[in-house]
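Student: I've got a model open and want to talk through how it's put together. Can you take me through it?

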Amino acid sequence: MSEDPRRVGVIIVAAGSGVRLGRGMPKALVRCAGRTLLELSLDGVRASAVAGHIRVVVPPGDTELRAIIDAYPSGVTIAAVDGGSSRPESVRAGLAALPADVDIVLVHDAARALTPPHVFHSVVAAVRGGAAAVVPGIAVSDTIKVVDGNTVTATPDRATLRAVQTPQGFDAATLHAAHAAVRDHGSVTDDAMLVESLGTPVTLAPGDPLAFKVTTPLDLMLAEAIVLQARAQAQEDQ
Ligand code: CTP
Ligand code: MG
């Protein structure tokens, strides 16, 4: 597999409506310490320098995210694409907009705006090393129960569980095949699930707590505190 970043594409999915954050706008537009979550996500992708192509999937009809994308100095090819009503549909739109000679595709949530470059590097390295599908994951600190309504039916051994993040990385042919094969997207929350349903192995790579997804107001407060602290540290270091 090529070492050339021009053969790597990143799809940033940003077409959700951000209902749980409750700001009445797509999360990617929400500001975190003065910068939109989309810009922070793009900063992470740019700092990683893994990809030659970025496609940002935005809500159809959006103009504000498109303006940010048009103005962003990514140093690589970047374009906005209209998304769909579910995350898999949005990923599919991004996939269709990548050049045909891309052989590694990363799918990344705009909402994981503080994902550090080393996560991108590990995921790409694992795909280059021969894995068809790679997910970054971290150990879970809570005990997770399986429930049926209000009744607990099982307690999986925590040591066997991982909370998975993005970017998830794929050999491009595998991701195309997975999206083409699976029609019922009802409960699909990540792309690795689609690959798993083909029976193709999915490999785990090291994630990072900073790759958490900004979902609720509490998550946004945490992200804000992290950005402000990093900024203060950078000033002190000067
Ligand atoms: N996403 C997308 N297209 C959709 C739904 C989600 O591109 N139709 C993206 C979101 O923009 C986000 C990522 O998928 O970056 C993860 O989804 P989630 O955290 O659920 O974001 P939202 O769907 O925007 O939030 P909510 O579910 O609270 O409305
Ligand atoms: Mg959602």
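Tutor: Sure. Buried here means under 20% relative accessible area, exposed means over 50%, and partly exposed is in between, with a 1.4 Å probe and protein chains only. Helices (H or I, at least four residues) and strands (E, at least two) are DSSP runs numbered from the N terminus.

Student: And what am I looking at, a prediction or something else?

Tutor: It's a predicted model, where local features need pLDDT of at least 70, side-chain atom pairs count only at pLDDT 80 or more, and totals for chains, interfaces and linings use all residues. Residues are numbered from 1 along each chain as its sequence is written, chains are lettered from A and ligands numbered from 1 in the order written, and side-chain values use heavy atoms, leaving out hydrogens and water.

Student: OK, strands. How many residues of S6 are buried?

Tutor: Six of its six, so S6 (residues 104-109) is mostly covered by the definition above. Ile104, Leu106 and His108 point one way, while Val105, Val107 and Asp109 point the other, all of them buried.

Student: Why the back-and-forth in where the side chains go?

Tutor: In a regular strand the side chains alternate between the two faces of the sheet.

Student: Which strands does S6 pair with?

Tutor: Pairing takes at least two DSSP bridges between two strands. S6 runs parallel to S1, with six bridges between them, and antiparallel to S11 (residues 168-171), with four. On the S1 side, Val8 is bridged to Ile104 and Gly9 to Val105. On the S11 side, Val107 sits opposite Gln168.

Student: So what about S1 itself, where do its residues point?

Tutor: Val8, Val10 and Ile12 face one way from S1, and Gly9, Ile11 and Val13 face the other. All six residues of that strand, 8-13, are buried. S1 also pairs in the parallel sense with S4 (residues 53-58), over five bridges, and one of the partners there is Arg55, bridged to Ile11.

Student: Switching to helices. Which residues of H3 are buried?

Tutor: Pro88, Ser90, Val91, Ala93, Gly94 and Leu95. With contact meaning heavy atoms within 4.5 Å, the buried residues of H3 pack against S1, S4, S5, S6, H5 and helix H6 (191-197).

Student: Zoom in on H5. Which residues of H3 and H5 meet?

Tutor: From H3 you get Pro88, Val91, Arg92 and Leu95, and from H5 they meet Leu175, His176 and His179.

Student: Now the backbone oddities. Where's the cis peptide bond?

Tutor: Between Thr166 and Pro167, with omega near 10°. Pro167 is in the loop joining strand S10 (162-164) to S11.

Student: And which residues other than glycine have positive phi?

Tutor: Ala33 and Ala49 are two to look at: phi is about 50° for Ala33 and near 55° for Ala49. Ala33 is in the loop between strand S2 (31-32) and strand S3 (35-36), whereas Ala49 is in the loop from helix H1 (37-48) to S4.

Student: Buried or exposed, those two?

Tutor: One of each. Ala33 has 16% relative accessibility, so it counts as buried, while Ala49 has 54% and therefore counts as exposed.

Student: Last one, Gly75. Where does it lie?

Tutor: In the loop between helix H2 (64-71) and strand S5 (77-82). It counts as exposed because its relative accessibility is 78%. The C-alpha atoms of Gly75 and Arg46 are separated by 7.8 Å, with the two residues 29 apart along the chain.
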